[in-house]
Amino acid sequence: MIETSSTRISKRFLRVWQRNLKVYKKSWKISFIPPFLEPLFYLIAFGVGMSGLVGEIHHQGSQISYVSFIAPALIGVSIMYNSFFETTYASFVRMYYQKTFDAMLATPLSLEEVITGEIVWGATKSLIAAAIMMVVISFFGFIRFPEGLLLLPLAILGGIAFGSIGMFFSGIVANIEMFNLPVFLFITPMFLFSGTFFPLENLPHWAQQAAFLFPLTHLTSLARAFSYGQIHLSLLWEIGYLLLFSIIFFPLAILKMRQRLIK
Amino acid sequence: MKSERGSGTQTHFSGQHIVKAENLLKKFDGFVAVNRISFQVETGKCFGILGPNGAGKTTTIRMVYGFSPMSGGSLKVFDLDISRDWRRIKSRIGVCQQENSLDPDLTVFQNLEVFARYFNIPNKEARKKAKELLDFIALDHRLNAPVTELSGGMMRRLVLARSLINHPDLLILDEPTTGLDPQSRHQIWEKLEALREQGISILLTTHYMEEASRLCDRLIIIDHGLILVEGKPEELIQQHVGKHVIEIAGPTQELRSFIQSTQFPYEDLGHRLIVYCEKSGDLYQRITRDFCKEGCLMRMATLEDVFLKLTGRELRE
């Protein structure tokens, strides 16, 4: 072949993104509810229920309340969930059951554009969720502005990273039930052990090392820094890790989908 | 994003052959699905690819519309090379795939609207075209229905309308009427005939011989990835079967010997004899007079006779 994968991506991928947006708009009122209520539930449960038990948390040299510790992490988790579940279950349904990708591939769209459109859509859902949660959490005063606005580009970066790995799994699973494996072996451990609900320092040393491989660790850490307005150069390493993760899994997702769909 | 198919500026392909396939080869893990076949589709005509299940029909047309990469050979559509100019080619063809790929998340109208965007057709033009097409397929009264509420026939008509959204020069149909009731099937045929009148070139696969006889100007019958015959439907019938067919149910031994002695080509299926003949009036009269009063039937030869004669009668599953 004369062409490479990258030359098959034009901005026509936005047509795929637009298709998903159109479907989303049909039920946006319902889609808006989870990112609106979820942080409320967590903040109430942990703020009212757990704070008394936990007290204050030692974070980067200062004492902060437990609720303000977990609030940015909730945004990080939501960024992960929204793109990952979009490019796994939702994309898989479109690809496998609805044959939406097959129909698209009979038009001037390339496979690369279809997959890119899906991943970028996943990141868009992360962005929407993060934005709604930011508004809710801001009312409790846990986000400092204008630094907090950096959470929005962070949602896109995190969305691309988790959307890419989600699409990679969509390219390799035999059936939709098999998504349980990456969810329980990858997503759930990250949800619990990425410095989300307790500081990483509470873990044994080896577990801390392992946690640094989790993209959510870095996403959470960045979400905290942006929420508290603690911007410093070392954050570049964490951004770099998320970028690296995307640069690896984005082409891998395209490769696996190509092997799966193009026969 | 420049529209590659503006409504007013389209130029129809004027070459003699809209599709040229030479030594087209497709292998899947060592299994040869399409074995170096060559064929050409004349511009403005309807060309059929017939064959039993697994013969390589779908694989062949998937290569033509750029879905499957070829393993060998050359393939030109609109005189363009499919492996290099795939995007230009795909923007000028319409495809009806075998499996229903309508978007169940969208309504009838939105299906056309969203599909038009994949071709970079401007919204206003897309909506106008969508209305025209829904009118053409008699679905204009179901504009806002979710596609999941449509009947099988309606869905297939909508798939047809969707494949016409970009004013294609070439329409590719993979078993367009499989699974439809006779009414729906005839409706699709009428629509396809109307399209052919408009000068659109059609490439279709089917295993309904009636469909092929009615729609195709030329056709090939393929099996095991190879072309068995090529020609016009009536020529093929004439060449391979003759004019008439006499079918005899439950033939006696005497009748068998008689048929043998007449030198007419025939097939013996055990419980049934099938005799192919050019002028059959006398033979039929003799059979019904001397051998059997019932269970003997004379009819015109059809493409189905050709098909079964060439591809055999054993089941393909």
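The exercises below concern a predicted model of two protein chains, A and B.

**Exercise 1. The interface**

Describe the interface of chain A and chain B by its residues, buried area and polar pairing.

Step 1. Chain A brings 30 residues to the contact and chain B brings 34 residues.

Step 2. The size of an interface is often given as the accessible area lost when the parts come together. For chain A and chain B this buried area is about 3,100 Å², with 56% of it on carbon and sulfur atoms.

Step 3. The rule finds five salt bridges across the interface of chain A and chain B. A salt bridge between the side chains of A:K99 and B:E99 has an N to O distance of 4.0 Å. Residue pairs in polar contact between chain A and chain B, both at pLDDT 80 or more, number 16.

Step 4. On the side of chain A that touches chain B, α1 (13-26) and α5 (100-104) of chain A each supply at least two residues. The most comes from α1(A), which gives seven residues.

Step 5. Sorted by type, the residues on this side of chain A are twelve nonpolar, six polar and twelve charged.

**Exercise 2. A buried arginine**

State which side chain of opposite charge is nearest to B:R185, and which side chain makes a polar contact with the side chain of B:R185.

Step 1. Locate the residue: B:R185 belongs to helix α6 of chain B, residues 182-197.

Step 2. B:R185 is buried and has no salt bridge. The nearest side chain of opposite charge is that of B:E210, 4.9 Å away. The cut-off for a salt bridge is 4 Å, so a pair at 4.9 Å does not count as one.

Step 3. The side chain of B:Y208 makes a polar contact with the side chain of B:R185, at 3.5 Å.

Step 4. With neighbours within four places in sequence left aside, the contacts of B:R185 are B:T177, B:L180 and B:Y208. B:Y208 thus appears both in this contact list and as the polar partner.

**Exercise 3. The surroundings of a strand residue**

Decide whether B:I18 is buried or exposed, and list its contacts beyond its sequence neighbours.

Step 1. B:I18 lies in strand β1 of chain B, residues 17-28.

Step 2. B:I18 has a relative accessible area of 1%, so B:I18 is buried; the cut-off for buried is under 20%.

Step 3. Beyond four places in sequence, B:I18 is in contact with B:F13, B:V41, B:E42, B:T43, B:K76, B:V77, B:F78, B:D169, B:L170 and B:S201.

Step 4. Take B:V77 from that list. B:I18 and B:V77 are separated by 59 residues in sequence, while their C-alpha atoms are 5.7 Å apart in space.

**Exercise 4. Backbone geometry**

Find where the cis peptide bond of A:F145 and A:P146 lies, and give the phi values and accessibility of B:E175 and B:Q263.

Step 1. Most residues other than glycine have a negative phi, and most peptide bonds are trans.

Step 2. The bond joining A:F145 and A:P146 is cis, with omega about 10°. A:P146 is placed in the loop between α6 (111-139) and α7 (151-172) of chain A.

Step 3. B:E175 has a positive phi, near 50°. B:E175 sits in the loop between β7 (170-174) and α6 of chain B, and its relative accessibility of 6% makes B:E175 buried.

Step 4. B:Q263 also has a positive phi, near 75°. B:Q263 sits in the loop between α9 (253-262) and β12 (266-268) of chain B.

Step 5. B:Q263 has a relative accessible area of 69% and is exposed, whereas B:E175 is buried.

Notes. Residues numbered from 1 in each chain as written. Chains lettered and ligands numbered in written order. Predicted model: local features only at pLDDT ≥ 70, side-chain atom pairs only at ≥ 80, totals over all residues. Heavy atoms only, no water. Helix = DSSP H or I, 4+ residues; strand = E, 2+ residues; numbered from the N terminus. Buried < 20%, exposed > 50% of the residue type's maximum accessible area, 1.4 Å probe, protein only. Lys, Arg positive; Asp, Glu negative; His and termini not counted. Polar contact = N/O pair within 3.5 Å; in protein donor to acceptor, adjacent residues only side chain to side chain. Contact = heavy atoms within 4.5 Å. Buried area = accessible area lost by both parts, 1.4 Å probe. Nonpolar A, V, L, I, M, F, W, Y, C, P; charged D, E, K, R; others polar.
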